[in-house]
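Pull up the model and let's take a walk through it, from a spot on one helix to the surface patches, the aromatic pairs and a couple of odd backbone angles.

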Amino acid sequence: MSYTTVSALNPNWNPNDQRLRVNGNNHGNNNDGCAFGIALVPKTFIMKTYSNFYEQLYSFRNLLHAFFKARKHKTKKYYIIEFGKNLITNLLQLKEELKNQTYKPKPLETFILRDPKTRKICKSDFRDRIVHHALCNIIEPIFDKIFIYDSCANRKNKGNLFALKRFDYFKRKVSRNGKINGWFNNNQIRGYCLKADIKHYFETVDHEILLNIIKRKIKDSKVIWLIKQISSNYNNKDKGMPLGNLTSQFFANVYLNELDYFIKHKLKAKYYIRYVDDFVILHNSKEQLKIWKEQINDFLKKELKLELHKDKSKITSLSRGIDFVGFRNFYYFRLLRKRNTRKQKNDLLKFKIRLDNKTMDYDQIYSIFEGWIAYAKHADTYELRKEFIKNFEQMFPDQISAIEVNRLLKI
């Protein structure tokens, strides 16, 4: 990085006493005051790169840490118990494969999930998941530093609730705290939102473009080799990432960080939030959002070989409510998605059948239901929660969970 001295930029700089003659109270006379500060101004920016850390990646300590992260909340699974019986041997074998670059991931197990959308989920073998965690342990902190603040998915101290808070903050900025109301009701607020979705995002990520983006920061050829091994394991194609892999979630952020920079630095959009492949831009001008939408679509096609989903990318008035990160966000209140409510009702019926068939215990059911109630609290759902709790108690009248017992014992 090169620098230029401030004396070349300001004639008031005195090279003899290394002071800048500035008087903040008198703009016409700057000879009787001094300012001390940073005397160097950067001229060029050089991105920091990382190399020679592959040995750290396959170290036993990192692999052991990755094992504990990969088995989290799954300790009773048979394949984890089997792997754990010879933990040291298995990790040392994995270490040797990575060290000698003979590691080859096993074929993905694919199944269909309807939740309520139909999605193809790919499940990696457990030892491969350990490698995914080992890789992300090392490279995630490198890239997280360059992600924008409002990239909210799969990052520490972020998530969908963080995205909701940022959306609330931005909508008040755009509408000037709701002071400009409409003719008919108080929720008719001035301001618009471009809510956009990238068409078939995980299926169309280009591996070559992804690797070129990663290579700007990562100069270790062995780490790049491992990333290629993982990415090529999905149908042996040069496009697409499997839904369900930890690395897919991370690479999704790396890939669309290019879009984040384009929107923030080229388009100069202030109020932008992205959650995986869904993003919103808020502005008080509908025409400006139309222009940006076209520019974004052109950028995606030319630079990332992606495109916006025509049906799911729309400009909507803030007064009509915006469907974002699982909630319908109006100006003065927030509601759950209707499909989320329907799914929870159907799940309770399924849980009842599984409890009667003794394929699921009540502790599991209660824990899931309590989690959903906590989630629903982030919307205006007081009456809805009352109704659900009443129905739950009627469906499971003679049951009590360990959570409830422990809660009673603490009183």
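Start at Gln364, which you'll find in helix 13, the run covering residues 362–376. In this predicted model, Gln364 has a relative accessible area of 41%, so it counts as partly exposed; the cut-offs for that class are 20% and 50%. Now look across to Ser401: the two residues sit 37 positions apart along the chain, yet their C-alpha atoms are separated by 8.6 Å.

From there, turn to a nonpolar patch on the surface. Ile400, Val405, Leu408 and Leu409 make it, and it covers about 400 Å². Take Leu409 as your example: it belongs to helix 15, residues 402–410. Is Leu409 buried or exposed? Its relative accessible area is 67%, so it is exposed.

There's a charged patch to see as well. Lys117, Arg119, Lys312, Lys338, Arg339 and Arg342 form a positive patch on the surface. Which helix gives the most to this positive patch? That would be helix 12, spanning residues 338–356, with 3 residues. Lys338 is part of helix 12, and because its relative accessibility is 56%, it counts as exposed.

Next, the aromatic rings. Two numbers are handy here: a pair of aromatic rings is described by how far apart the centres are and by the angle of the planes. The structure holds 27 aromatic pairs. One of them is Tyr79 with Phe126, a tilted pair with 6.0 Å from centre to centre and 50° between the planes. Tyr79 lies in helix 3 (residues 78–85) and Phe126 in helix 5 (residues 126–144), so this pair ties together parts that are 47 residues apart in sequence. Both Tyr79 and Phe126 are buried. They also have company: Phe67, Phe68, Tyr78, Tyr79, Phe83 and Phe126 form one aromatic cluster.

Another pair worth clicking on is Phe167 with Phe324. This one is tilted too, at 6.1 Å centre to centre and 40° between the planes. It links distant parts of the chain, with Phe167 in helix 6 (residues 160–174) and Phe324 in strand 12 (residues 322–324), 157 residues apart. Why do these two rings count as buried? Phe167 does because its relative accessibility is 1%, and Phe324 does because its relative accessible area is 0%. Anything under 20% falls in the buried class.

Finally, check the backbone at two residues. His73 has a positive phi of about 65°, although it is not a glycine. You'll find His73 in the loop between helix 2 (60–70) and helix 3, and helix 3 is also where Tyr79 of the first aromatic pair lies. With a relative accessible area of 76%, His73 is exposed.

Lys305 is the other one: its phi is positive as well, about 55°, and again the residue is not a glycine. Where does Lys305 lie? Look in the loop between helix 11 (286–304) and strand 11 (314–317). Lys305 has a relative accessible area of 47%, so it is partly exposed.

Methods: Residues numbered from 1 in each chain as written. Predicted model: local features only at pLDDT ≥ 70, side-chain atom pairs only at ≥ 80, totals over all residues. Heavy atoms only, no water. Patch = residues over 30% accessible without salt bridge, like charges linked within 9 Å, V, L, I, M, F, W, Y side chains within 5 Å. Areas by Shrake-Rupley, 256 points an atom, 1.4 Å probe, with all protein chains shown as cover. Salt bridge = Lys/Arg side-chain N within 4 Å of Asp/Glu carboxyl O. Lys, Arg positive; Asp, Glu negative; His and termini not counted. Charge placed at Lys NZ, Arg CZ, Asp CG, Glu CD. Helix = DSSP H or I, 4+ residues; strand = E, 2+ residues; numbered from the N terminus. Buried < 20%, exposed > 50% of the residue type's maximum accessible area, 1.4 Å probe, protein only. Phe/Tyr/Trp six-rings, centres within 6.5 Å; stacked < 30°, edge-to-face > 60°.
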